Amino acid sequence: MNDSTTSHHRAPVRRRPEGWTFLVEAARDLRTTGALAPSGEALAHALTSPLRAHASRPLSVLEAGAGTGAVTRALIPRLSRGSRLDIVEANPRFAARLRDLVAAHPHLAGASPKVAVHRTYVEHLSTDRRYDVIVSGLPLTNFTPVQVDRIMARYLELLHPGGVLTYFAYLGTRAARALTASRAEARRHTAVNEVMAAYQRGYATGRWTVWANLPPAHVWHLRRPLAPSRHQERLRDAAGR
Ligand SMILES: C[S@@+](CC[C@H](N)C(=O)[O-])C[C@H]1O[C@@H](n2cnc3c(N)ncnc32)[C@H](O)[C@@H]1O
């Protein structure tokens, strides 16, 4: 599964309200969907701030786990002429909505930023492209530690040296899991947090708390160093590259 559509390939169709679509998909598969509702504007704003820092030059941007496009809508107007946005979304119904969003967006008319929607898992995205900014909406705390490590290592590989990864983590998920989940599930969650903590120690440049979101979330910014870090070298050795 890795099909792509670039901007202006399809005519928009009428779709269900965004919140309803999200809830239906969460009921279908909460682990992959990762939330009951799309991100709010404040969270989308915090996630897209690295684009504002470089607003004047063309950027190569990857958005992973775009859902119904809550963050995509904040991203698109920030793309200057000559920029490129690759949107990766695993859920085919969300991917169809994203294609409609791209097809109808006024900022994408004419020879402006190029946007492509890829219906695939980000870890399966096959590309030689490197990105200035990666915005991840993936529900990493729902995955196994091995999956999370693989995805984070791939993000770093996909960034240009000096490029920035932004992602969010809902507040209080660990405490909620400790109360409601099995011991194995609580252990998995702790192990994922340890993987994330190693990446944060190696690459984080900032963390912000967005209270005006349901639920509130931390937004992290990680930067790929200009020269390979020791953490990256260890990752490369472990992968035999
Ligand atoms: C928590 S939602 C975030 C949606 C949107 N970015 C937002 O903030 O409202 C997570 C999204 O990631 C998608 N997803 C989960 N695992 C994925 C993967 N491995 N690759 C690509 N998308 C994935 C889900 O289908 C879902 O749309």
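1. In helix H7, the buried residues are Val148, Ile151, Met152, Ala153, Arg154, Tyr155, Leu156 and Leu158. The model is a predicted one, and this list includes an arginine, Arg154, among the buried positions of H7. An α-helix has 3.6 residues a turn, so residues three or four places apart point the same way. In H7, Val148, Ile151 and Tyr155 are among the buried residues.

2. The helix itself covers residues 145–158, 14 residues in total. From the first C-alpha of H7 to the last is 20 Å, close to the 20 Å expected at 1.5 Å a residue.

3. The largest nonpolar core holds 31 residues, and the members that touch the most others are Val61, Leu85 and Ile87. Two or more residues of this core come from each of helices H3 (41–47), H5 (70–75) and H6 (92–104), and from each of strands S3 (84–89), S4 (114–119), S5 (131–136), S6 (159–170) and S8 (217–223). Helix H6 contributes the most, five residues.

4. Leaving aside residues up to four places away in sequence, Ile87 touches Glu63, Ala66, Thr72, Leu98, Val102, Val115, Ala116, Val117 and His118. A second core, separate from the largest, has 27 residues, among them Ala64, Leu140, Leu159 and Tyr203.

5. The ligand is surrounded by 23 residues, of which Ser39, Gly65, Glu89, Val122 and Glu123 are the closest. Two of these residues also make backbone polar contacts with ligand nitrogen: a polar backbone atom of Gly65 is 2.8 Å from a nitrogen atom of the ligand, and a polar backbone atom of Val122 is 2.9 Å from a nitrogen atom of the ligand. For Gly67, a backbone N or O atom lies 3.4 Å from a ligand oxygen.

6. On its own the ligand has 590 Å² of accessible area, and the protein covers 99% of this. Helix H2 (30–33) and helix H5 are the elements that give two or more residues to the shell around the ligand. Helix H5 also appears among the elements that give two or more residues to the largest nonpolar core.

7. Asparagine 91 sits in the loop between S3 and H6. Is this loop residue buried or exposed? Asparagine 91 has a relative accessible area of 13%, and is therefore buried, the cut-off being under 20%. Histidine 54 is 37 residues from asparagine 91 along the chain, and the C-alpha atoms of the two are separated by 30 Å.

Definitions and conventions. Residues are numbered from 1 along each chain as its sequence is written. This is a predicted model: local features need pLDDT of at least 70, side-chain atom pairs count only at pLDDT 80 or more; totals for chains, interfaces and linings use all residues. Side-chain values use heavy atoms; hydrogens and water are left out. Helices (H or I, at least four residues) and strands (E, at least two) are DSSP runs, numbered from the N terminus. The expected span of a helix is 1.5 Å times one less than its number of residues. Buried means under 20% relative accessible area, exposed over 50%, partly exposed in between (1.4 Å probe, protein chains only). A nonpolar core is a set of buried Ala, Val, Leu, Ile, Met, Phe, Trp, Tyr and Cys residues joined through side-chain atoms within 4.5 Å. Contact means heavy atoms within 4.5 Å. A residue is near a molecule or strand if one of its heavy atoms lies within 4 Å of it. A polar contact is a pair of N or O atoms within 3.5 Å; within protein, one must be able to donate a hydrogen and the other to accept it, and residues adjacent in sequence count only if both atoms are side-chain atoms. Accessible areas come from the Shrake-Rupley method with a 1.4 Å probe; for residues, only the protein chains shown count as cover.
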